[in-house]
Amino acid sequence: MTTTLITGANKGLGYESARRLIAAGHTVYAGSRDAERGRRAAERLGARMVLIDVTDEASVAAAAKTIEAGGGLDVLVNNAGIEGRTPDGGVAGAAEVTADMMRTLFETNVFGVVRVTHAFLPLLRRSTAPVVVNVSSALGSMARITAPGTPAYAYPGVAYPASKTAVNVITVQYAKAFPGMRINAVEPGYTATDLNGHTGTQTVEEGAEIIVRMAQVGPDGPTGGYFDAEGPLPW
Ligand SMILES: NC(=O)c1ccc[n+]([C@@H]2O[C@H](COP(=O)([O-])OP(=O)(O)OC[C@H]3O[C@@H](n4cnc5c(N)ncnc54)[C@H](OP(=O)(O)O)[C@@H]3O)[C@@H](O)[C@H]2O)c1
């Protein structure tokens with residue numbers, strides 16, 4: 001029996017990944033930072049609800065205690081993320097971005113990943129087949145963001161791509177440190193969710209594909225990699 005935690009599973013890609021992993025036989029803890037949103041999602045999914053705000057040390061520690069008491073953890077999907085839109089719905093480009101904006105976004109997308117992974121490491125180390133999936137983005141790819149003519153190149157925001165590049169480095173460093181675990185970064189692709197005001201061109205079913213695949217990777221599978229549904233991505 002595989003036990004899986006997905007952060008930010010009350011909607012979007014996290015919710016769809018939870019649905020698919022439950023169908024594949026995982027016991028899923030659907031993470032939500034809001035008790036009511038989480039309860040409703042978990043009920044619809046047939047998941048266990050766990051309250052977890054990735055920016056809050058005490059919340060993450062309490063979630064780890066709950067899951068430890070429930071029998072432990074095999075798979076961690078660090079999915080919770082924000083894009084950090086400005087009040088007019090845009091993204092802050094180089095002329096507008098401030099250190100405070102960066103800090104807020106990094107608190108969730110980067111420090112959140114480290115906070116959650118660190119708290120769950122003792123549980124993962126007790127698993128016979130531990131897996132971590134870090135939900136990154138192609139916008140975190142230095143190769144893509146410097147390739148003229150690509151959607152990544154055209155994206156004007158600073159904080160979000162920087163946060164996902166940091167997630168990629170974090171993924172590699174953890175993978176090297178824990179060779180017994182399968183730890184990968186994934187790019188779901190541009191998917192219609194609340195994150196982008198549903199402008200994404202893919203469905204959540206398509207977007208969740210690589211998250212679900214990498215959550216089910218076996219001990220012989222890749223680690224320290226960066227993948228979308230088509231295969232490895234350039235860093
Ligand atoms: N959609 C895309 O095109 C796309 C492309 C590449 C990568 N991604 C990545 O995919 C992941 C999921 O995004 P999505 O598109 O599914 O967005 P979404 O529908 O907005 O879902 C984001 C989830 O993260 C949760 N969350 C945000 N801050 C949190 C916090 N501090 N603690 C716990 N949960 C928190 C949200 O909870 P609330 O409901 O409480 O806000 C929500 O459940 C993100 O890491 C995103 O960067 C998305």
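Trainee: Which helix gives the most to the shell around the ligand?

Mentor: In this predicted model, helix α1 (residues 12–23) contributes the most to that shell, with three residues. The ligand has 30 residues around it, and Gly-8, Gly-12, Gly-81, Thr-193 and Leu-195 come nearest.

Trainee: What makes a residue count as part of the surroundings of the ligand?

Mentor: Its C-beta atom, placed from the backbone, must lie within 6 Å of the molecule. By class, the shell holds 14 polar, nine nonpolar and seven charged residues.

Trainee: Why is the protein chain called as compact as a globular protein of its length?

Mentor: The chain has nine helices and eight strands. Its radius of gyration is 17 Å, and the globule rule gives 18 Å for 235 residues; the two values are close, so the chain is as compact as a globular protein of that length. Of the 235 residues, 46% count as buried.

Trainee: What makes a residue buried or exposed?

Mentor: A residue is buried if 20 or more other C-beta atoms lie within 10 Å of its own, and exposed if 12 or fewer do. In helix α4 (residues 99–109), Leu-105, Thr-108 and Asn-109 are buried.

Trainee: How do you know on which side of α4 they lie?

Mentor: The buried residues of α4 cover an arc of only 85° around the axis, which puts them on the same side of the helix. An α-helix has 3.6 residues a turn, so residues three or four places apart point the same way. The buried residues of α4 pack against α5 (111–126) and α8 (159–177), while the face turned away from the buried side carries the exposed residues Ala-99, Asp-100 and Arg-103.

Terms used. Residues are numbered from 1 along each chain as its sequence is written. This is a predicted model: local features need pLDDT of at least 70, side-chain atom pairs count only at pLDDT 80 or more; totals for chains, interfaces and linings use all residues. Helices (H or I, at least four residues) and strands (E, at least two) are DSSP runs, numbered from the N terminus. Ala, Val, Leu, Ile, Met, Phe, Trp, Tyr, Cys and Pro count as nonpolar, Asp, Glu, Lys and Arg as charged, and the others, Gly among them, as polar. The radius of gyration is taken over C-alpha atoms; the globule rule is 2.2 Å times the number of residues to the power 0.38. The arc is that of the directions from the helix axis to the C-beta atoms. Two residues are in contact if their C-beta atoms, placed from the backbone, lie within 7 Å.
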